[in-house]
Amino acid sequence: QVQLVESGGGLVQPGGSLRLSCAGSGSISSIYDMGWYRQAPGKQRELVARITGGGSTAYADSVKGRFTISRDNAKNTVYLQMNSLKAEDTAVYYCNARHPIRPGRYDYWGQGTQVTVSS
């Protein structure tokens, strides 16, 4: 049984920072591609950032230069450091783990954590 548990969300003022964590358990291994997605009210879920097992990263244009994704394979944990937060970053953030060879078969999601950016 695979589980992804997110933490670190909350309320922050514009310009502030938050660090999200996603701890994986079960058969998640270091080869999995890990990612953060977000979904704002009335909008589709969108990719925020991804990191491969080898450490290659990709970011949405809207967060480049402000967010940093990283992973600790020994802890099966992926992080999202979010700086210079804006109101438009408000959303539920979801962690994703996807097998690089068989993504259709092994694709897992966390329950989500709310991030609210407001003064």
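Which side chains meet in a salt bridge at 2.9 Å, N to O? They are R38 and D89, and the views below start from the whole predicted model and then come back to that pair.

**View 1. The whole chain, built from strands.**
Take a quick look around before zooming in. The predicted model has eleven strands and zero helices, so there is β after β as you read along the sequence. A compact globule of 119 residues would have a radius of gyration near 14 Å, and the chain agrees, coming in at 14 Å. Boxed along the principal axes, its C-alpha atoms take up roughly 40 × 25 × 25 Å. Of the contacts between residues at least 6 apart in sequence, 55% bring together residues at least 24 apart.

**View 2. Surface and charge.**
Here is what the outside offers. The accessible surface is about 6200 Å², and carbon and sulfur atoms account for 47% of that. As for the inside, 40% of the 119 residues count as buried. The chain carries 13 positive and 8 negative side chains, and the centres of these two sets sit 3 Å apart. Salt bridges in the chain number five.

**View 3. R38 and D89, a pair linking distant stretches.**
Back to the opening pair: the side chains of R38 and D89 form a salt bridge, 2.9 Å from N to O. R38 belongs to strand β4 (residues 33–39), while D89 sits in the loop between β8 (77–82) and β9 (91–98), so the bridge ties together parts that are 51 residues apart in sequence. Is D89 buried or exposed? D89 is buried, with a relative accessible area of just 1%. R38 counts as buried too, because its relative accessibility is 6% and the cut-off is under 20%.

**View 4. R38 again, now with E46.**
R38 has another partner to show: its side chain meets that of E46 in a salt bridge of 2.7 Å, N to O. E46 is partly exposed, at 38% relative accessible area, whereas R38 is buried at 6%.

**View 5. K64 and D61.**
Now for a separate close-up. The side chains of K64 and D61 pair up in a salt bridge, with N to O at 3.1 Å. D61 is exposed, with a relative accessible area of 66%.

**View 6. The shared-partner network.**
Which residues are joined into one network by salt bridges that share partners? They are R38, E46, R66 and D89. Two of the links have appeared above: R38 with E46 at 2.7 Å, and R38 with D89 at 2.9 Å.

Technical notes:
Residues numbered from 1 in each chain as written. Predicted model: local features only at pLDDT ≥ 70, side-chain atom pairs only at ≥ 80, totals over all residues. Heavy atoms only, no water. Helix = DSSP H or I, 4+ residues; strand = E, 2+ residues; numbered from the N terminus. Rg over C-alpha atoms; globule rule 2.2 N^0.38 Å. Buried < 20%, exposed > 50% of the residue type's maximum accessible area, 1.4 Å probe, protein only. Contact = heavy atoms within 4.5 Å. Areas by Shrake-Rupley, 256 points an atom, 1.4 Å probe, with all protein chains shown as cover. Lys, Arg positive; Asp, Glu negative; His and termini not counted. Charge placed at Lys NZ, Arg CZ, Asp CG, Glu CD. Salt bridge = Lys/Arg side-chain N within 4 Å of Asp/Glu carboxyl O.
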